[in-house]
Amino acid sequence: MRRWIVGYLIGLGVAVFADDDWGPTASIDIITNPVQEKTFGNYWDEHVYGWVAGTGAVGLNHYRFSSEIKFGFSDRWNRLKWVMEGAYRQNTIITNVYIRDVANNTTITTTESLQTDQWRFRQAYLEYTPFGGLTLSAGNQVVVWGQLSVFSPVDFLLPLDINPSGFSLVKADNRMSQLTVKASVYPLSNVELTGYFFPLFQENVFSRAIDYSNQYNMIDDKKYFYTEYPLKGAAAQSYALRGTYYGSSVTMAFTYYSGHHNIIQRTRKKYVTSIDNIPYFSTEYGNYPRKGYGAEVSVPIGNLSLTVEAALSEDFYPLTFSRLPNRYYMDWGNPDGIDDETAEFNREIIDYINTHNNGYADMPMYQLVYAIGIDADFDTWFYNAYVLGLSFMRNPQMKAFWDLYERKRPVDFINIPVLPTVNIGRYLGNQKKGAYGVALGWFTGSMGLFGYVFNHITESLRWGASIDIGFNISDQAMVAINSDEGHSSINKEYAFFEPKVTFGLGYQL
């Protein structure tokens with residue numbers, strides 16, 4: 001019940017107005033009542049779902065409004081089930097913008113409108129059960145992993161949809177739908193083995209909006225433009241294997257993922273030449289191959305569950321760069337000149353990365369994301385309490401490199417300390433159709449302090465209000481999506497990164 005509550009609690013704009021954002025993401029169970037009269041109204045109630053919602057928000061320097069229309073349909077014929085769901089969503093921010101001219105020490109204040117709109121099929125797939133214990137599905141689906149309700153480290157291996165609507169307590173709200181072929185086998189009633197195949201590489205809107213094509217490095221008076229790392233054919237495919245045990249006293253899951261860095265495009269430096277013993281590099285950007293491993297353990301304790309999750313995945317460590325006019329160089333020596341010892345060291349490093357790392361000055365390493373959390377749902381209140389950590393580790397296959405590199409430059413990886421996340425709410429009424437509460441910490445795509453309240457006016461008509469003091473990645477996404485030059489608007493300061501109050505209405509079909 002609590003998942004449904006927070007799903008409709010905060011869906012559009014930091015707000016509290018949609019039930020599961022784009023609709024159900026798990027399998028939709030169709031329950032047939034054999035004595036129910038076959039009328040159009042009964043069929044509609046059983047197989048059709050939809051949502052119409054609108055929100056408005058205001059801060060001291062900006063205001064915004066969002067709207068969404070969603071319509072979905074599901075049905076079953078014998079062993080075959082089909083799901084179709086489409087939605088249109090728009091989001092607009094009218095904000096003050098400060099344009100700073102550093103050279104002339106002047107600032108101009110103007111107003112700018114940022115807007116996104118999107119129409120797409122969120123889900124469109126078929127599911128077939130040839131016999132008990134095997135389920136096959138294919139089509140556009142939302143895949144969500146992990147046991148924690150608000151965010152799961154293992155879930156971060158999947159493509160992130162940086163939703164311009166903002167803060168949400170539901171993981172599926174920030175998960176991209178993908179073309180997916182899935183097979184689930186149940187060798188035992190409480191054991192599920194699932195294989196996923198993703199035949200296409202699909203980027204989120206934010207990643208596609210960042211444009212590197214007009215940026216370049218100048219090397220030996222030649223322009224080396226940023227080049228895109230291509231993902232074509234088999235290189236664009238990814239897959240995952242997942243096993244889950246559902247016990248009365250514990251739930252455990254293990255995941256293997258082989259795919260890409262697909263949350264946002266990465267940049268890497270590749271060796272080009274050496275001039276006066278100084279190595280120079282061109283720049284690539286793209287979504288590079290990535291493998292990941294996840295583990296989850298969840299223990300129910302009465303009305304709450306205690307969960308531990310961790311995900312270990314491949315990453316890169318960028319070797320340090322400094323900048324001189326019109327050229328890049330490895331900062332292993334004196335910028336005014338390279339002595340013989342440093343020049344020899346540079347040659348050793350270049351030989352190593354050319355031989356063992358395909359010329360890249362970004363060394364393979366491992367990223368560990370871990371979380372410990374409690375999800376609880378009681379008669380009158382609910383809460384989520386998590387701690388999240390992020391650390392980096394050397395790839396043991398690169399031990400020879402680190403032994404060489406750290407002779408001159410000791411490396412101390414920057415690890416993110418444990419971050420607390422708390423969401424506490426209280427239900428309004430015995431039927432749990434309304435609630436109020438406060439959320440503080442890191443959420444999927446958001447960080448800060450958020451207060452909310454929502455309730456029903458009628459069975460289908462709902463209202464909600466919220467206030468927040470925080471930062472949403474989706475706000476930065478709005479800037480990138482509306483900028484012709486990606487993240488190059490360095491002289492603009494948008495004033496909408498500020499506290500705001502939001503109010504909205506939603507009607508569910």
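**View 1. R64 and D475 form a buried salt bridge.** At 8% relative accessibility, R64 counts as buried because the cut-off is under 20%. D475 also falls below that cut-off, at 4%, so D475 counts as buried. Their side chains meet in a salt bridge, with 3.1 Å from N to O. The pair links distant parts of the chain. R64 sits in strand β2, D475 in helix α6 (residues 473-481). In sequence they are 411 residues apart. The model shown here and in the other views is predicted.

**View 2. A salt bridge joins E127 and K81.** The N to O distance between these side chains is 3.5 Å. E127 belongs to strand β4 (residues 106-131) and K81 to strand β3, so the pair ties together parts that are 46 residues apart in sequence. Both E127 and K81 are buried.

**View 3. E459 and K433 meet in a salt bridge between two loops.** The side chains approach to 2.6 Å, N to O. E459 lies in the loop between β23 (446-456) and β24 (461-472). K433 lies in the loop between β21 (416-428) and β22 (434-443). The two residues are 26 apart in sequence. E459 is exposed, with a relative accessible area of 56%. K433 is partly exposed, at 22%. The total for the model is 13 salt bridges.

**View 4. Strands β1, β2 and β3 are linked by two hairpins.** Strand β1 (residues 48-58) pairs with strand β2 (residues 62-77) in the antiparallel sense, over 11 bridges. In this pairing G54 stands opposite S67 of β2. The β1-β2 hairpin has 3 residues between its strands. Strand β2 also runs antiparallel to strand β3 (residues 80-101), and 16 bridges join them. Here D75 has W82 in β3 as its bridge partner. The β2-β3 hairpin leaves 2 residues between the strands. In its turn, N78 has a positive phi of about 55°.

**View 5. An open sheet holds three strands in the order β10-β14-β13.** The pairing in this sheet is mixed. β10 (227-228) and β13 (266-275) are the edge strands, each pairing on one side only. β13 and strand β14 (residues 278-286) pair in the antiparallel sense over 9 bridges. S274 stands opposite P279 in β14. Helix α4 lies across β13 and β14. Its direction makes an angle of about 35° with β14.

**View 6. The largest nonpolar core has 18 residues.** Among its members, I353, M363, F401, W402 and Y405 touch the most others. Three elements give two or more residues each: α4 (340-356), β19 (362-377) and α5 (399-405). Of these, α4 gives the most, with 5 residues. F401 touches L319, I349, Y352, I353 and M363, leaving aside residues up to four places away in sequence.

**View 7. A second nonpolar core stands separate from the largest one.** This core comprises 14 residues. Its members include Y386, W442, F443 and F450.

How values were computed. Residues numbered from 1 in each chain as written. Predicted model: local features only at pLDDT ≥ 70, side-chain atom pairs only at ≥ 80, totals over all residues. Heavy atoms only, no water. Core = buried A, V, L, I, M, F, W, Y, C linked by side-chain atoms within 4.5 Å. Buried < 20%, exposed > 50% of the residue type's maximum accessible area, 1.4 Å probe, protein only. Helix = DSSP H or I, 4+ residues; strand = E, 2+ residues; numbered from the N terminus. Contact = heavy atoms within 4.5 Å. Pairing = 2+ DSSP bridges. Axes fitted to C-alpha atoms, helices over the stretch in contact; angles between N-to-C directions. Salt bridge = Lys/Arg side-chain N within 4 Å of Asp/Glu carboxyl O.
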